[in-house]
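Trainee: Hi, do you have a moment to go through the ligand site with me? I'd like to start with the contacts.

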Amino acid sequence: MAKLKLSYFDFHGGRGEPARLALSIGGIAFEDDRVQTSDWERRKGDTPFGTLPVLEVDGQIVAQSNAINRYVGKLADLYPSDPWQAALCDEAMEAVEDIANKINATLFLPEEHKKAQREALVGGPIPFYLTRLQQRLEAHGGRYFAANRLSVADLKVFVWIRHLRSGALDHVPTDLPDRVAPKLVEHYERVKNDPGVKAYYAKHGVAG
Ligand SMILES: N[C@@H](CCC(=O)N[C@@H](CS)C(=O)NCC(=O)O)C(=O)O
């Protein structure tokens, strides 16, 4: 088995969390390299695109969260082998990237701009992605995004919904997913209660 080192910022969430979860659920040993923000400027230049997450595999590095998710998903049996189901899995992961990019663009804005832009997101794009993801989920059986079983797509959507509901995003009502996309919240609960996900958060001392 290859030697794996997954580097991402030291918090429970974001673009690195689905791969941490997938590797743990798959029982695949990896070095969980949690990058401190104080170290980031020094380390940024060592990454392919100046971003995290990155995955090192036997000393070789790969960047881009969804490339990493697909790779670790294959190792952990959490990525569909059927090409069509794999495309559905990718679709959900890329949709989360689209909306996460819009939200992340507001992270470091001055307060008055942040408030205005977040309210605009709450008025349109966030409910749009919530409802469309819910539709896609229901179109494929309602339980999981692809192949009727847990995949890295489910882990990525789960992490996004948890973030929305967490209260960490000022000006984004925590009950927005529940109001707009209740089936997606049921999916969130389903993933949260997956034995592998539960074991991961029990080990790391975090409520899913
Ligand atoms: N498209 C990239 C985006 C990566 C990205 O923007 N990562 C953020 C953290 S979630 C980051 O590294 N921010 C620090 C920086 O840009 O200096 C991916 O999916 O991995």
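Trainee: How far is a polar side-chain atom of Arg15 from an oxygen atom of the ligand?

Mentor: The distance is 3.3 Å, and a polar contact here is a pair of N or O atoms within 3.5 Å. Keep in mind that this is a predicted model, where local features need pLDDT of at least 70, side-chain atom pairs count only at pLDDT 80 or more, and totals for chains, interfaces and linings use all residues. Residues are numbered from 1 along each chain as its sequence is written, and side-chain values use heavy atoms, leaving out hydrogens and water.

Trainee: Got it. And which atom of the ligand does the backbone of Leu52 approach?

Mentor: A nitrogen atom, which lies 2.7 Å from a backbone N or O atom of Leu52. Ser65 joins in through its side chain, with an N or O atom 2.6 Å from an oxygen atom of the ligand.

Trainee: How much of the ligand's accessible area does the protein cover?

Mentor: The protein covers 71% of the 510 Å² that the ligand has on its own, by the Shrake-Rupley method with a 1.4 Å probe.

Trainee: Switching topic: what does Arg15 do with Glu97?

Mentor: Their side chains form a salt bridge, 3.0 Å from N to O; the rule is a side-chain nitrogen of Lys or Arg within 4 Å of a carboxyl oxygen of Asp or Glu.

Trainee: Where do the two partners sit in the chain?

Mentor: Arg15 is in the loop between strand 1 and helix 1 (17–25), while Glu97 belongs to helix 4 (residues 83–104), 82 residues apart. Helices (H or I, at least four residues) and strands (E, at least two) are DSSP runs, numbered from the N terminus.

Key:
A polar contact is a pair of N or O atoms within 3.5 Å; within protein, one must be able to donate a hydrogen and the other to accept it, and residues adjacent in sequence count only if both atoms are side-chain atoms.
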